Amino acid sequence: MSALSSDFSSTGSAHADTLGIGSLGQLKQELIKDYNEVNHRIFGIGVVRQKVDIAGDRILVIALHKRVPALGYLNVLNSNVSELADHYLIKGFKHEFKQLLVAKYGFEVLSIFKDYDAEAELSATVVVLKKDVRDYL
């Protein structure tokens with residue numbers, strides 16, 4: 001996926017206009033804050049580092065996480081239970097993140113895909129929208 005230029009301006013949307021977002025660069029910065037805030041709300045800690053790329057109707061977030069110590073310990077005791085916990089935490093994250101994207105930006109979210117590699121502490125999140133991201137600005 002190639003990232004779109006962040007100096008594009010379009011006809012705009014009420015949500016983006018209200019937030020003062022006029023470029024993809026500004027949107028990426030807001031999404032970084034939002035992703036970190038949802039992560040902090042669910043896990044009690046933010047992400048270490050993240051990168052947001054936007055291509056057409058897709059938003060890609062690659063994030064380096066600091067694994068919650070209790071989940072790491074749980075993995076040692078019972079990896080099946082740890083994987084189940086990861087599954088439901090990711091499911092909760094996707095739900096919360098989708099609600100935020102719809103409420104804050106007016107995005108029409110078709111789906112959110114997320115996977116987490118506990119060993120590498122990396123996650124990939126792909127948000128698929130109904131329209132090109134630029135159409136929401």
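This report describes the confidence, the strand pairing and the aromatic contacts of a predicted model.

## Basis and confidence

The model is predicted: local features require pLDDT of at least 70 and side-chain atom pairs count only at pLDDT 80 or more, while totals for chains, interfaces and linings use all residues. Residues are numbered from 1 along each chain as its sequence is written, and side-chain values use heavy atoms, with hydrogens and water left out.

The pLDDT value is the predictor's confidence in each residue, from 0 to 100. The chain averages a pLDDT of 86, and 86% of the residues score at least 70. Helices (H or I, at least four residues) and strands (E, at least two) are DSSP runs, numbered from the N terminus. Among the elements of the chain, the highest mean pLDDT belongs to strand 2 (98) and the lowest to helix 1, residues 14-19 (61). Over residues 1-12 pLDDT stays under 50, and the model has 29 contacts beyond four places in sequence for this stretch; a contact means heavy atoms within 4.5 Å. Where pLDDT is low, the predicted coordinates should not be read in detail.

## Strand pairing

Two strands pair if DSSP finds at least two bridges between them. Strand 1 (residues 49-55) runs antiparallel to strand 2 (residues 58-64), with seven bridges. These two strands form a hairpin with two residues between them, and G56 in the turn has a positive phi of about 60°. Beside the turn, A55 stands opposite R58 of strand 2.

Strand 2 also pairs with strand 4 (residues 122-129), in the antiparallel sense and over seven bridges. In this pairing V61 stands opposite T125 of strand 4.

## Aromatic residues

Rings of Phe, Tyr and Trp (its six-membered ring) pair if their centres lie within 6.5 Å; planes under 30 degrees apart count as stacked, over 60 as edge-to-face and the rest as tilted. The count comes to five aromatic pairs. F93 and F97 are stacked, because their ring centres are 5.5 Å apart and their planes meet at 25°. Both lie in helix 4 (residues 79-105), four residues apart, and so are separated by about one helical turn. F93 is buried (under 20% relative accessible area; exposed is over 50%, partly exposed in between, with a 1.4 Å probe and protein chains only), because its relative accessibility is 0%. F97 is buried too, at 2%. The rings of Y105 and F107 are also stacked, since their centres are 5.2 Å apart and their planes at 20°.

Y35 joins F93 and F97 in one aromatic cluster. A charge sits over a ring if NZ of Lys or CZ of Arg is within 6 Å of the ring centre and within 35 degrees of the ring normal. The charged end of K114 sits over the ring of F93, 3.8 Å from its centre.
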